[in-house]
Amino acid sequence: MKKLLLILLLFIGQKGFSQSGLLPLDEQKNVFYSDSGQPKKSKSEIFKEAQNWISKTFGNYENAVTFEDPQLGKLILTSYAPVSSITYEYVRFDLTIECKDQQYNVRIDKLDGISTTHSPVRLGVKDNDAVMEKEVAVKTEQSKKKRTEAENNLKNAKADLDGINNAMFKLMSDLKLSLTASAE
């Protein structure tokens, strides 16, 4: 029952913090996602469980992890996640996990949209700006036919970014479940 409640809370939190159709940006206008947790575990236990989660989630630990330091409690990996998007099939990203006694922090950044039809594209403020421009086009278009086209373009652009957000929030949610689950 506790796990079901945790999953429900994570899902509600994910939807509450994500802005529909836009990517979260930091002060430098770079895309980033972050989360933290306070499991009642030592730094080394959290670190080991993070390593296990990486192996389970991404398959080959050695290929995914680009930096690890058990003394610092820090892991950095570069990997890919499939996305439900019209424009991209995958997103490449960096994920950093910092472990401390009874606490961890995670950050996902440096996202690139990957498609079979074009070169990787760094995701950022330009993607949010494109959605905003499409919103303006919908509001200002007078022709019914062109307005419908503008609405479809806006819907597709928002769906692309929502697919990316959902994939990243799912990763963080899975990590949180893994690191905060109590040994039963």
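1. A residue counts as exposed when its relative accessible area is over 50%, as buried when that area is under 20%, and as partly exposed in between. With that in hand, helix H2 is a good place to start: Ser44 and Lys56 are exposed, and they sit on the other side of the helix from Ile46, Phe47, Ala50, Gln51, Trp53, Ile54 and Phe58, the buried residues of H2. Please keep in mind while reading that this is a predicted model.

2. Why do the buried residues of H2 line one face of the helix? Viewed down the axis of H2, they fall within an arc of 160 degrees, so one face of the helix holds them. The cover over these residues includes helix H3, strand E2 (65–69), strands E3, E4 and E5, and helix H5.

3. The length of H2 also checks out. Its 16 residues should span 22 Å at 1.5 Å a residue, and the end C-alpha atoms of H2 are 22 Å apart, which agrees. Just after H2 comes Gly59, whose phi is positive, at about 85 degrees.

4. Stepping back to the whole chain, there are five helices and six strands. Read from the N terminus, their order is α-β-α-α-β-β-β-β-β-α-α. The chain has 184 residues, of which 38% count as buried. About 11100 Å² of the protein chain is exposed, and carbon and sulfur atoms supply 53% of that area.

5. A word on contact order, since you may want it for comparison with your own models. Among contacts in the protein chain with a separation of 6 or more, 58% are between residues 24 or more positions apart.

6. Which residues have the most contacts inside the largest nonpolar core? They are Tyr33, Ile54, Phe93, Leu111, Ile164 and Met168, in a core of 42 residues. Helices H2 (43–58), H3 (61–64), H4 and H5 and strands E3, E4 and E5 each supply at least two residues of this core. H5 gives the most, with twelve residues. Ile54 links this point back to the first one, as Ile54 is also one of the buried residues of H2.

7. Phe93 is a handy residue to click on in the viewer. Leaving out residues up to four places away in sequence, Phe93 touches Phe58, Leu77, Thr78, Ser79, Tyr80, Ala81, Ile108, Asp109, Lys110, Leu111, Met168 and Leu171. Two of the names met above are on that list: Leu111 and Met168, both among the residues with the most contacts inside the core.

8. Helix H4 (residues 125–140) invites the length check made for H2. H4 has 16 residues and reaches 23 Å from its first C-alpha to its last, close to the 22 Å expected at 1.5 Å a residue. Its buried residues are Asp127, Asn128, Val131 and Val138. Down the axis of H4 these fall within an arc of 100 degrees, so they line one face of the helix. Strand E6 (121–122) and helix H5 (144–180) are included in what covers them.

9. Now the charged pairs: the count comes to twelve salt bridges. One of them joins the side chains of Lys74 and Glu98, at 3.8 Å from N to O. Since the cut-off is 4 Å, this pair falls within it at 3.8 Å. Lys74 lies in strand E3 (residues 74–82) and Glu98 in strand E4 (residues 90–100), 24 residues apart, so the pair links distant parts of the chain. Both partners are partly exposed: Lys74 has a relative accessible area of 24%, and Glu98 stands at 34%.

10. Arg122 and Asp112 form another salt bridge, with their closest N and O atoms 2.6 Å apart. This pair, too, links distant parts of the chain, with Arg122 in strand E6 and Asp112 in strand E5 (residues 103–114), ten residues apart. Is each partner buried or partly exposed? Arg122 is partly exposed at 46% relative accessible area, whereas Asp112 is buried at 7%.

11. Lastly, salt bridges that share partners join Asp26, Arg107 and Asp109 into one network. Within it, the closest N and O atoms of Arg107 and Asp109 are 3.2 Å apart. Asp109 is buried, with a relative accessible area of 16%, while Arg107 is partly exposed at 28%. Asp109 has appeared already, as one of the residues that Phe93 touches.

Key. Residues numbered from 1 in each chain as written. Predicted model: local features only at pLDDT ≥ 70, side-chain atom pairs only at ≥ 80, totals over all residues. Heavy atoms only, no water. Helix = DSSP H or I, 4+ residues; strand = E, 2+ residues; numbered from the N terminus. Expected span 1.5 Å × (residues − 1). Buried < 20%, exposed > 50% of the residue type's maximum accessible area, 1.4 Å probe, protein only. Arc of directions from axis to C-beta. Contact = heavy atoms within 4.5 Å. Areas by Shrake-Rupley, 256 points an atom, 1.4 Å probe, with all protein chains shown as cover. Core = buried A, V, L, I, M, F, W, Y, C linked by side-chain atoms within 4.5 Å.
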